[in-house]
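Q: I'd like a close look at a single part of this protein. Please take me through how that part is put together and what packs around it.

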Amino acid sequence: MTDSSDSEDLPQLSSETFTALQEFYNEQEQREAKLNGILASPQNGDENTLFEEDWQLSQFWYDDDTVDILVNVISKCIPNANGRIALVSSPTLYKKMKEKYTNVTIFEFDERFAAYGNDFVFYDYKSPLSIPRELGSSFDIVIADPPFLSEECLTKTAVTIKFLTKNKMIICTGAVMADLVGRLLDLKKSTMIPAASSLKTLIASRMIQIRYTRNLFLRAICVVYLFAFLSFYIQIPGLYGNNGILPARLVLENSKHTTLSAKVHYQPTLLWLAPYLGLDVQYMMDLLALLGTFLAFTGFVSQKFCTVPTLAGLWSLYFSLYQVGQTFMSTQWDGLLLEAGFLSLLVAPLLPGKRRGSKGGPSDNISFWLVRWLLFRFLLSSGVVKLLSGCPKWWDLTALKFHFESMVLPTPLSWYAHHIPLWLLKLTAVFVNVAEMVLPFLFFAPLRSVRITGFTVQIFLQICIVLTGNFNFRDLLLVTLSISLLDDQFFFGKYRRPRSTKWTILSQVLNITIHSLILYGVYVLYGLKLNGTQIDSHIAFTKDQFNSLVRQAIPLTVFIGIISLGVTVARAVALAVTESTTVASKVGNVIVTVLYALIAVLIFTASTVPLTNLHAATNATVVPSVRTLHTRMERLHVVNSYDMFKRMPGANGRLEIVLEGSNNIEGPWMEYQLFYKPSNVNHSLPFVAPYSPRVDWQMWFAAQSSYQKQPWLMSLAYRLLQGQSEVLNLLDKSHSGFGEIPPKYLRASLYNYKYTAWNQRWQTTWWKRERMDEYFPVFTRDNPALVDYLRSVNVLPSAVPLKYIVHPTWKTILDNVRYVAGRVEASILLWSVFSAGCAIITSTTRSNK
């Protein structure tokens, strides 16, 4: 009875309730079993196998390196194993943290992580404080990785972080959110970049992290523009002024059009606006060059000015000046700057600050690819034309034996390089061939280590060229283009990857293997052979074999470009989709990326024409519509051909034109000296780059031709006979025979210059020379044949020149600036302005700190 009544008093569960309770205990046992299995597993990341990434929840697991780095950082902050750790939306860290700490709590929206038992707390960032109140200020450190790159998500997650932490916190998010993190949590940005093992991480970590690299490229472009504009400005009066060698106003006055739109179509330049501003053409050129200098300087000293409007202004200004540059801007470096400058418009953010696009985006990878393609085309074309030209000096590898002596403007080190043993010069020629024709193909390799090796090789090559030759701003521009081979990890990698991983080791092994195979190919194709203490070399293939190889390689090169661009576009589009948090942002990012992709396709298509033009057989295969596209883009110098210095001159020294004046036909004849070209055999060779002395350059080209084909040289002779001070300023008046008073007679002699012998290296003489012949006959200032010739080539006006009235204010300002600039030697002025910019950057950086 008693037992019966006691049993009746016990509460009885219904069968449904009993079943539900039993399921609850079974699920709890399963979660505990999963948790024990995870913690007992010897492999890293087993929880990632149990819980696969859910892209809809923006889940992307960290890779092993990132986990180790974060755990090591946390261990230094919280050495006590009993410290309390909070992981907010960062479940990948749980296992490693659990191995070191007893109290690890994970705050996660995905309820699959309830398998972690009491260590799991459900968390929805949209309700940042919907968590147990007793957890407030109870964690020694909080590590958070907001699931979405949005201001809302980060702001609400920050509320949770502040609620949970005592004082320490780490937040992992995209670089685009860095400023907001600083404002919300007062945290400093770290250079360590979290990386995941998923497809999105592959896209993001390998592609999008070029923000710093992009900014460095843009500032470097501004530096090149700065040197280019300043160099041009210094020489405007003597080259293009009303009394200059090739007056720019005559180019514009030659137009028969009357309306402004028609004139711009005939000659697209801002110089047409001169009359509307109260300026003549010369003063307008001064204004454009100074404005370009100012814009370039601002972009150099401050990243926030490296935007589309600034770079568009720089390109437009330089393009406007280029339109009237005539012979003096016929070098391919100016075209290369215009093409690189146009691509920088695609690389640059639209506006500074926190506006959309200022922090970069997926399209950066497409525009950066175009920069890399330009570098590839320039190097490949420069290398291939050397051997396709059939130049015997390049084919027997002795070209550099003549190069250092015959180059346009040698440096002091050129003399020493000329006396390097021949076997070493031949080996250097082999290096140049490989660096220009083979290694550029590796620019598109999927391995970073291969691309970085390519960058290192190109930088080494350009440094050697800078030390042994004055090639204006070309080498600085090529170094700037080489930045496209890098990414942010190159600059901050030591913070991100403190130790080698399996992939890093494999990448380095592949890099070494690839370059070892190239070295073996060089050994075979260039017949390298150890001969005592030197290495002999010779080209082991024939001209016909090389010709056939180029004919077959050009289509393959275009195909490689198509594949590489296609992969880059596909990954950029994928990144545009995966990094966006809302449908609207996804659509916007995809539209922008596709637009950039279409522009890239157009530029790439047009750029294939100069490549196919390298060989007659492939040139005939160009589709007419593609050639038309190239013609239109070439007119704007968006795409150019690069094939200078096909053949190496100077079989026996170098030819130089020496201008000589006299007041008596019988003599004595006294020489005009230029600042930078060889003339006086005792004058030291200068370092002048990145300054571009355009008269000195053109004198070198004129020596390879006849004076009848050089109208500008005849104009120079005429201006010297007239005693034009603007033109005399381009010459070294202090070492010339005539000052402001011109001679009655002028002639030009052709001399052959050779370096002095090695055993004379302690003497002051750099050259020895011999007069070869008369270059042009004696002219007088009133020679009618000379005047008629100059009028026929539109160097002198055939009628009364138009009169321009320059506004007095403009004239005063521009004349004063010209006066100040003219007091300083050109190359010193360039480096002084550059140094001032560096000083501003340094002082600004220190003040920000």
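A: Let's begin with pairing: two strands pair if DSSP finds at least two bridges between them. Strands (E, at least two residues) and helices (H or I, at least four) are DSSP runs, numbered from the N terminus. You are looking at a predicted model, in which local features need pLDDT of at least 70 and side-chain atom pairs count only at pLDDT 80 or more, while totals for chains, interfaces and linings use all residues. Residues are numbered from 1 along each chain as its sequence is written, and side-chain values use heavy atoms, with hydrogens and water left out.

The part to focus on is strand β4, with the sheet around it. β4 covers residues 139-144, and β1 (residues 84-88) pairs with it in the parallel sense through four bridges. You can find this pairing at Ala86, whose bridge partner in β4 is Val142, and at Ile85, which stands opposite Ile141 of β4. β4 also pairs with β5, again in the parallel sense, and here there are five bridges. Ile143 has Ile170 of β5 as its bridge partner.

Step back a little and the open sheet comes into view: five strands in the order β3-β2-β1-β4-β5, paired in parallel. At its edges are β3 (120-122) and β5 (165-171), each pairing on one side only. On average, and ignoring direction, neighbouring strands of this sheet are turned by 20° against each other; axes here are lines fitted to C-alpha atoms, for helices over the stretch in contact, and angles run from 0 to 180 degrees between N-to-C directions.

A helix joins the picture too. Helix α6 (residues 151-164) packs on this sheet and touches β1, β2 (103-108), β4 and β5, where contact means heavy atoms within 4.5 Å. The direction of α6 makes about 145° with that of β5.

How many residues of β4 are buried? Six of the six are, so β4 is largely enclosed by the rest of the structure. Buried means under 20% relative accessible area, exposed over 50% and partly exposed in between, with a 1.4 Å probe and protein chains only.

For contrast, try the other sheet. This one is open as well, with four strands in the order β9-β8-β10-β11, but its pairing is antiparallel. β9 (670-671) and β11 (767-780) stand at the edges with a single partner strand each, so one side of each has no neighbour in the sheet. Strand β10 (residues 745-755) runs antiparallel to β11, and ten bridges join them. Among the residues to look for is Tyr755, opposite Trp767 in β11.

Helices lie on this sheet too. α17 lies across β8 (654-662), β10 and β11, running at about 140° to β10. Helix α29 (residues 711-722) packs there as well, touching β8, β10 and β11, and its direction makes about 75° with that of β11.

Finally, follow α17 (residues 399-406) to helix α19 (residues 422-437): their axes come within 8 Å and cross at roughly 95°. That makes α17 roughly perpendicular to α19; the word covers 65 to 115 degrees, with under 35 roughly parallel, over 145 roughly antiparallel and the rest oblique. Leu400, Lys401 and Phe404 of α17 make the contact with Leu422, Leu425, Thr428 and Ala429 of α19.
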